[in-house]
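Here is a short briefing on the fold elements of one model. Please keep the sequence and the 3D view open while reading.

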Amino acid sequence: MATATAPGMRAQKVDSDQPLVDIQNLVKWFPVTGGLLGRTVAQVKAVDDISFKIQAGETFGLVGESGSGKTTLGRTILRLMPPTSGKVLFEGRDVFTLNPTELRALRRHMQIVFQDPYASLNPRMTIGEIVGEPLDIHGVARGKAKTERVKELLETVGLGPHHMRRYPHEFSGGQRQRIGIARALALNPKLIVCDEPVSALDVSIQSQVLNLLHDLQERFGLTYLFIAHNLSVVKHVSDRVGVMYLGKMCEISPSEALFEEPLHPYTEALMSAIPLPNPVAQRERQRIVLEGDVPSPINPPTGCRFHTRCPYAFQACTDIEPQMREVRPNHLVACHLHDPAIAPPGVRKPGKV
């Protein structure tokens with residue numbers, strides 16, 4: 001069992017100069033084939049030149065609308081999908097250059113909790129077999145030691161030893177997700193990719209699972225890449241947030257600063273859609289409705305990919321692709337509006353939502 005995290009350890013890890021995960025210019029394209037010979041005729045640019053870091057002990061939230069590339073990014077980081085190019089450094093080692101033996105050893109430190117608790121558990125296996133399978137694969141525990149470890153894991157996520165002999169169909173959605181979390185914890189990982197772990201659950205159950213994830217992080221010093229489209233959930237759980245649009249990262253910021261004053265027009269539009277608890281403030285708020293549809297990732301727009309829907313766009317947005325720049329401390333944005341060398345004088349910028 002991993003040792004408990006001492007008070008203040010999480011904050012110290014987040015401020016460390018050495019990240020747990022360093023994603024460098026990551027690209028993942030999917031070929032589109034056609035014709036009798038099945039030749040590649042196009043590429044779906046699901047993840048296109050993305051770079052960011054995840055500090056040990058933090059929760060890095062990843063948001064964006066459906067099809068923005070969030071899940072593909074998370075699975076490529078874990079090398080569940082081969083990359084097209086780029087690097088992912090885990091504790092300084094490039095995940096994509098490891099041989100099968102080295103990768104197998106690394107799997108113990110990088111785990112995933114899937115979105116759908118109904119599809120991610122084998123219906124023919126008991127809960128004891130599902131949670132204990134990683135222990136078998138990696139030769140961590142056998143026999144009685146394995147049984148005791150499975151019981152311990154189930155109790156850690158709020159279930160009991162008597163659940164070991166039951167099958168997935170005998171559990172609710174929230175309980176199944178707890179089982180998935182127990183399986184991810186089995187090998188004492190350092191990084192867990194949470195791929196929309198509560199989106200398939202009832203609202204009444206979501207908070208229970210989120211609180212469980214938070215308690216486990218505090219207890220075991222876990223690091224999360226938390227993928228979600230529910231901005232209220234991301235605000236609640238994340239230390240930092242990255243915003244994706246059409247395969248690109250457009251803004252990275254500490255959570256509080258991002259929700260207080262987003263700098264990218266796309267982020268501003270997302271934030272305006274979050275319901276406010278104050279009915280008066282909600283009525284007075286100006287909702288930003290983006291025009292048009294999301295372009296195809298097969299043939300994304302030139303320049304800034306958001307310029308076809310951006311209310312602030314000017315000519316340079318069509319011609320020049322914006323690069324990430326630090327506009328405020330630890331607040332990065334890829335937008336020409338914040339580049340004094342490109343933005344027209346007096347141009348209007350996103351502000352507080």
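An open sheet of four strands runs in the order β2-β1-β4-β5, with antiparallel pairing. Helices (H or I, at least four residues) and strands (E, at least two) are DSSP runs, numbered from the N terminus. Two strands pair if DSSP finds at least two bridges between them. The model is predicted: local features need pLDDT of at least 70, side-chain atom pairs count only at pLDDT 80 or more, and totals for chains, interfaces and linings use all residues. Residues are numbered from 1 along each chain as its sequence is written, and side-chain values use heavy atoms, with hydrogens and water left out.

**Four-stranded sheet**

- The edge strands are β2 (39–54) and β5 (93–94), and each pairs on one side only.
- Two bridges hold strand β4 (residues 85–90) to β5 in the antiparallel sense.
- L89 has D94 in β5 as its bridge partner.
- Helix α2 packs on this sheet and touches β1 (21–34), β2 and β4. Contact means heavy atoms within 4.5 Å.
- The direction of α2 makes about 115° with that of β1. Axes are lines fitted to C-alpha atoms, for helices over the stretch in contact, and angles run from 0 to 180 degrees between N-to-C directions.

**Eight-stranded sheet**

- A second open sheet has eight strands in the order β6-β7-β8-β3-β9-β10-β12-β11, with mixed pairing.
- Its edge strands are β6 (110–113) and β11 (325–328), each pairing on one side only.
- Neighbouring strands here are turned by 25° against each other on average, direction ignored.
- β6 and β7 run parallel and are joined by four bridges. I112 stands opposite V193 in β7.
- M110 and I112 point one way from β6, while Q111 and V113 point the other way. All four are buried, meaning under 20% relative accessible area (exposed is over 50%, partly exposed in between; 1.4 Å probe, protein chains only).
- At the other edge, β11 and strand β12 (residues 331–333) pair in the antiparallel sense over three bridges. E326 faces L332 in β12.

**Helices across the eight-stranded sheet**

- Helix α2 (residues 70–77) lies across β3 (59–63), β6, β7 (191–195), β8 (223–227) and β9 (240–245). It runs at about 150° to β8.
- α6 lies across β6 and β7, at about 175° to β6.

**Helix α4 and its cover**

- Which residues of helix α4 (residues 127–137) are buried? They are I127, G128, I130, V131, G132, P134 and L135.
- The cover over these buried residues includes α5 (143–156) and α6 (173–185).
- The axes of α4 and α5 come within 9 Å and cross at roughly 115°.
- This crossing of α4 and α5 is right-handed, meaning that the near helix is turned clockwise from the far one by less than a right angle (anticlockwise would be left-handed).
- From α4, I127, G128, V131, G132, L135 and D136 meet K146, R149, V150, L153 and L154 in α5.
- The residues of this contact divide into six nonpolar, two polar and three charged. Ala, Val, Leu, Ile, Met, Phe, Trp, Tyr, Cys and Pro count as nonpolar, Asp, Glu, Lys and Arg as charged, and the others, Gly among them, as polar.
- G139 follows α4 and has a positive phi, near 65°.

**C317**

- C317 lies in helix α12 (residues 315–319).
- Why does C317 count as buried? Because its relative accessibility is 9%.
- C317 touches T302, G303, C304, H307 and H336, not counting residues up to four places away in sequence.
- The C-alpha atoms of C317 and F306 are separated by 8.6 Å, and the two residues are 11 residues apart along the chain.
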